[in-house]
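Let's take a tour of a protein model with a ligand in it. Have the sequence and the 3D view ready, and go looking for each spot as we get there.

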Amino acid sequence: MLRQMDALDVAGKRVLVRLDLNVPLKEGKVRDDTRVREAAPTVKALAERGAVVIACSHLGRAKGKPDPALSLAPVAPILAHHVGRPVQFVPDTAGEVARQMVAAAKPGDVLLLENTRFEAGEEANSPELSARLAALADLYVNDAFGSAHRAHASTAGVASQFARPAAGPLMARELAALGRVRDNPERPFVAVVGGAKVSDKLGTLKALAGKADTLVLIGGMANTFLFARGVGIGASLAEPDLASEAREIMAAAEARGVKVLLPTDVVVATDVDSPGRVVAVGGVTPTDKILDIGPASRAAIATVLAGARTTFWNGPAGVFEKPAFAEGTMAIARALADSKAFTVVGGGESVAAVQQAGVASKISHVSTGGGASLEFLAGDVLPGVAVLEEP
Ligand code: ADP
Ligand code: MG
């Protein structure tokens with residue numbers, strides 16, 4: 001059983017809360033504050049319940065030492081705005097300055113620590129850093145699902161230093177939605193997997209091939225499977241080295257009665273800046289690149305999705321960043337939005353596509369954790385979650 005934040009008595013306690021404030025930055029400015037907005041209610045709830053809130057997060061790919069371009073300082077006023085309370089920025093992650101500022105804080109105060117990845121011990125999951133972080137607080141809450149698949153000091157390491165580490169509400173919601181897909185999907189369960197590479201998603205594909213009723217393959221992912229079936233894919237993005245793995249996945253799926261749906265027509269061009277042509281699979285010339293699924297494939301996938309009771313989608317159907325090759329991806333987003341199924345979408349680009357299609361509010365659960373959601377569905381134990389389970 002997942003231990004939850006609501007079960008903790010936080011009044012008058014110092015609560016270290018791991019958030020996902022890993023926002024996209026451009027020239028020192030926060031380009032999209034979605035993650036801050038989503039994290040704010042957790043902080044607000046803790047502050048209103050009388051905790052001293054000590055928020056922390058990583059930001060970008062800081063390499064274990066301070067990098068002014070990746071400071072969380074510009075996030076503090078945005079968090080303050082969404083929480084509706086002042087947020088004191090702490091220009092230190094877990095050292096003397098942090099200790100002093102925490103010691104001076106009162107119930108209801110909110111502090112934001114500097115980027116956890118400014119510390120070399122973060123990605124190394126160092127017990128020394130975990131202990132320094134733990135010494136700042138009485139209680140620990142992890143609400144950063146997107147970082148839960150990594151055993152880092154601010155996720156797994158620090159949690160193990162507390163008697164009752166708990167999951168925040170965003171984390172709990174992610175696990176409930178993804179758990180419903182993984183452990184107990186209402187059938188038919190249709191999984192749609194696309195995107196750039198098979199190698200990123202091999203474990204998830206194998207798991208879904210044993211669990212879904214229909215596995216729909218699209219995007220660059222489908223190219224490798226078409227190639228594995230002996231179909232000419234021209235100059236398309238693919239991983240020919242994984243052809244035998246792809247054949248094994250298809251064979252395993254068929255052996256279990258899982259249908260595997262591949263595109264029957266595709267949109268091709270010699271490059272992403274040229275206009276596309278629709279051709280049947282089999283009609284791709286050596287210089288063509290498959291850049292989207294074609295209209296017959298879109299219709300077939302929409303029909304399958306319309307009959308589903310559970311759907312999971314990860315990975316676009318084409319190079320949707322270019323309008324000429326976005327139609328397949330938009331069609332899938334709309335089909336999911338129209339469906340009565342329990343719908344879950346995960347993955348950075350897939351979530352962006354759902355937003356681009358304007359249908360995010362019609363998806364049952366939009367998962368913020370790309371890698372974490374795939375590893376969870378693959379059946380892997382997420383180290384940041386395992387420590388939050390009550391024995
Ligand atoms: P997600 O972030 O949703 O998990 P991925 O990162 O796996 O998805 O893949 C997203 C990328 O895949 C997009 O940038 C898109 O342009 C690319 N892509 C999809 N289909 C193709 C294709 N047929 N050829 C080349 N790139 C593709
Ligand atoms: Mg991606």
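What follows covers the domains, then the ligand and its surroundings, and finally two backbone oddities.

Keep in mind from the start that this is a predicted model.

**The two domains**

The domain assignment splits the chain into domain 1, residues 5-167, and domain 2, residues 175-377. Their C-alpha centres sit 35 Å apart. Where the two meet, domain 1 puts in five residues and domain 2 puts in nine residues. About 580 Å² gets buried between domain 1 and domain 2, and carbon and sulfur atoms account for 68% of that area.

**Around the ligand**

Now zoom in on ligand 1. There are 19 residues around it, and those that come nearest are Lys201, Ile290, Glu321, Glu349 and Ser350. What kinds of residues make up this shell? The split is six nonpolar, ten polar and three charged.

Here are some polar contacts you can look up in the 3D view:

| Residue | Part of the residue | Ligand 1 atom | Distance |
|---|---|---|---|
| Ala196 | polar backbone atom | oxygen | 3.1 Å |
| Ile290 | backbone N or O atom | nitrogen | 3.0 Å |
| Glu321 | polar side-chain atom | oxygen | 2.4 Å |

How much of ligand 1 does the protein bury? On its own, ligand 1 would expose 580 Å², and the protein buries 84% of that. Three elements give two or more residues each to the shell: helix 9 (219-228), strand 14 (289-293) and helix 13 (348-356).

**Two backbone oddities**

First, a bit of background: most peptide bonds are trans, and most residues other than glycine have a negative phi. With that in mind, check two loops.

One is the loop between helix 7 (169-183) and strand 9 (189-193), where you'll find Pro188. The peptide bond running from Arg187 to Pro188 is cis, and its omega is near 0 degrees.

The other is the loop between strand 2 (25-26) and strand 3 (29-30), home to Glu27. Is the phi of Glu27 positive or negative? Phi of Glu27 is positive, near 50 degrees, even though Glu27 is not a glycine.

Technical notes:
Residues are numbered from 1 along each chain as its sequence is written. Chains are lettered from A and ligands numbered from 1 in the order in which they are written. This is a predicted model: local features need pLDDT of at least 70, side-chain atom pairs count only at pLDDT 80 or more; totals for chains, interfaces and linings use all residues. Side-chain values use heavy atoms; hydrogens and water are left out. A residue is near a molecule or strand if one of its heavy atoms lies within 4 Å of it. A polar contact is a pair of N or O atoms within 3.5 Å; within protein, one must be able to donate a hydrogen and the other to accept it, and residues adjacent in sequence count only if both atoms are side-chain atoms. Accessible areas come from the Shrake-Rupley method with a 1.4 Å probe; for residues, only the protein chains shown count as cover. Helices (H or I, at least four residues) and strands (E, at least two) are DSSP runs, numbered from the N terminus. Ala, Val, Leu, Ile, Met, Phe, Trp, Tyr, Cys and Pro count as nonpolar, Asp, Glu, Lys and Arg as charged, and the others, Gly among them, as polar. Domain bounds come from an automatic or database domain assignment. Contact means heavy atoms within 4.5 Å. Buried area is the accessible area (1.4 Å probe) that two parts lose on being put together, summed over both.
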